[in-house]
Amino acid sequence: MLLPDLLTHAAARFPDKDAAVFAAEKIGFSALDRASRQVAARLARLGVGPGERVAILYENSLAALVYFWGVLRAGAQSVDIPNLSGQPAIASMLAEARPRALAISARQLAKLDARTLEVTPDLLLGTADAKPHAAGRTLVTLESILAEEAPVTSGPGVTPGDVAMIVYTSGTTGRPKGVMLSHENLHSNVVAFNSRIQLTSDDSLLVIVPLHFIHGRIQLLTHALIGGTLFFSAGFQFPQAVVDEMARHRTTGISGVPYHFATLLSATKLKTTALPSLRNITITGGALSPAALAELKQAVPNARLHVNYGQTESSPRLTYLGPDEIFERVGSCGRALPGVTIEILGDDGAPIGNGQVGHVVATSPGIMKGYVSGDERTSGRVDARGRLHTGDLGRLDADGFLYLAGRSSEMIKVAGERVFPREVEEVLDAHPAVAESSALGLPDPMLGEKLVACVVVKPGASVSPGDLRAHCLDSLPLVRTPRELRFVPALPKTSSGKIARAELAKAFTAANA
Amino acid sequence: MLIDYSCRSISNIRPMNIEETLKAHIGKELIFGEKTDLDLDTDLIDLVDSTGVMELTVWIESTFGFLVEIDDITPENFGTIRRLADWIRRNSTQPAE
């Protein structure tokens, strides 16, 4: 099974049904299928096909959706570039992935700086409103494709084991990592997860996350599998609007990270809004506290709560905890999905007994093909047996339920988005007044973790926290910019010279108390 | 803390300065720093993410001395500095200009 087959089947079963609804436009399954075949036809004429990459740098929109399916239909690989990344990060992703074409919105195209343009492919895909920003490059518009191209009828010319999507996510070294996922990786995950959550064509979803996240892409693929409608939220900046959208569209589902639900509970009228259609709430990317889970259940009593755990590198879901288990297995993120094996290993790499905390390692048909950088094995993320070392610590109980207990890696999760300290420290250290820095995640009731940083200023130099934050915001999106900065005379180090982050976190917390 | 949430009453902020106060805070703490060309009609929706909106809400409450109603946190009120300032004036106890 190839991913575009999901759309083919949905179009055959539900031709006139809405596939995607945006604020001002919508498209049915048959029309989306046809448009994707027209994009594939144009890409083929331009010589873009199997083995080649097309990057997508877009806000959630109908054009972005059509291009995504068109790229897959052409047998090419989509490369998701997070649209809130700073220009240096975008340039780094484009330089590494070397796409043949870039599908880009007018807004994003207008923002590309000179350095990013140097690594931007000559072939751009967009819409007519992007023309003023094309700066001499070839801009193919969706309007022209839909007006001129005959839809392709042949298959994409790839196999299920070929790479379908590359999703960029945060990496330990400070550079974004391109995770290569095959048609088979993703299809197996969508099917395995749906065998647990059991969504049908009667289901619909309000999409509140950007499509460039694996979390967004998997919702798209799942609703193609079931023939369900996706309603795209105007965004989570205004949480009450999200509740209003659920009520207005009568969506049956919403999927978010704990930050989303903590916000909906504390900053909206969710508790007093009738949402009789909402029957599935999926919590991903971390644990919602038991108290918040109970509060959520009370706020939306008709809804079944589902928890899952995974990573981009595992396409992404590894475990699932269903509504019947959620209040029985408090704190668990569930059992392995069909086809997935979870092992807990000790520091020596040998399996350890139930109940003991160790390194969480997974075997799954969803484990990535590799990183674009090719260092998945040398970095220790994937071992010789093909197992994914998640970087999380956890334990299994006697019934196979997984309980996470921290991280062996330095990853910080801010509002569901993973951040590695190195990427923040590299930006801070690049400021002329900074000698060295350390980024930390501190527990936060809303964000999960709050990103903070300690900075050592060079002798004789001077800089304000506001200046440093502004400096970070030149290169990093807000979520990756430290919320608080503290100047310290020196960073505590371990005997091996590494920054003693735990000690620093304690000092930071104590100073704030 | 980096962000100064210390409580100041709106009576200390002259009406004409609401826009300037907002501009300084948003520019320095939430967006790209003081060198950004942030004007009264810049679309803030493009620039501030969801955690930024919540941060801004907390800051408005402490700076301008009123409780922000959930129904008021909308793109209509938070879309630009001009609209934000107008809305703050309507919600504060400050006499109309």
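**Domains, a chain interface and two unusual loop residues**

Chain A splits up into domain 1 (25-158), domain 2 (192-362 + 377-407) and domain 3 (412-512), with the bounds taken from an automatic or database domain assignment. The model is a predicted one, in which local features need pLDDT of at least 70 and side-chain atom pairs count only at pLDDT 80 or more, while totals for chains, interfaces and linings use all residues. Residues are numbered from 1 along each chain as its sequence is written, and chains are lettered from A, with ligands numbered from 1, in the order in which they are written.

Take the outer pair of the list, domain 1 and domain 3 of chain A: their centres, taken over C-alpha atoms, sit 36 Å apart. The two do touch, with four residues from domain 1 of chain A and four residues from domain 3 of chain A taking part; here, contact means that the C-beta atoms of two residues, placed from the backbone, lie within 7 Å. On the domain 1 side, that works out as two nonpolar residues, two polar and no charged. For this sorting, Ala, Val, Leu, Ile, Met, Phe, Trp, Tyr, Cys and Pro count as nonpolar, Asp, Glu, Lys and Arg as charged, and the others, Gly among them, as polar.

Next come the two chains. Between them, 21 residues of chain B are in contact with 21 residues of chain A. On the chain B side, the elements giving two or more residues are helix H1 (17-30) and helix H2 (50-64) of chain B. Helices (H or I, at least four residues) and strands (E, at least two) are DSSP runs, numbered from the N terminus. H2(B) supplies the largest share of this side, five residues. Sorted by type, the chain B side holds 11 nonpolar, five polar and five charged residues.

Finally, a couple of backbone oddities turn up in chain A. A:Ser315 and A:Pro316 are joined by a cis peptide bond, with omega at about -10°. A:Pro316 lies in the loop between strand S14 (304-310) and strand S15 (317-321) of chain A, and A:Ser315 is found in that loop between S14 and S15 too. A:Ser315 also has a positive phi, near 65°, despite not being glycine. This serine counts as buried because A:Ser315 has 31 C-beta neighbours inside 10 Å; the cut-offs are 20 or more other C-beta atoms within 10 Å for buried, 12 or fewer for exposed, and in between for partly exposed, with C-beta atoms placed from the backbone.

A:Gln198, another residue other than glycine, has a positive phi near 55°. A:Gln198 belongs to the loop between helix H8 (183-197) and strand S10 (204-207) of chain A. With 13 C-beta neighbours inside 10 Å, A:Gln198 counts as partly exposed.
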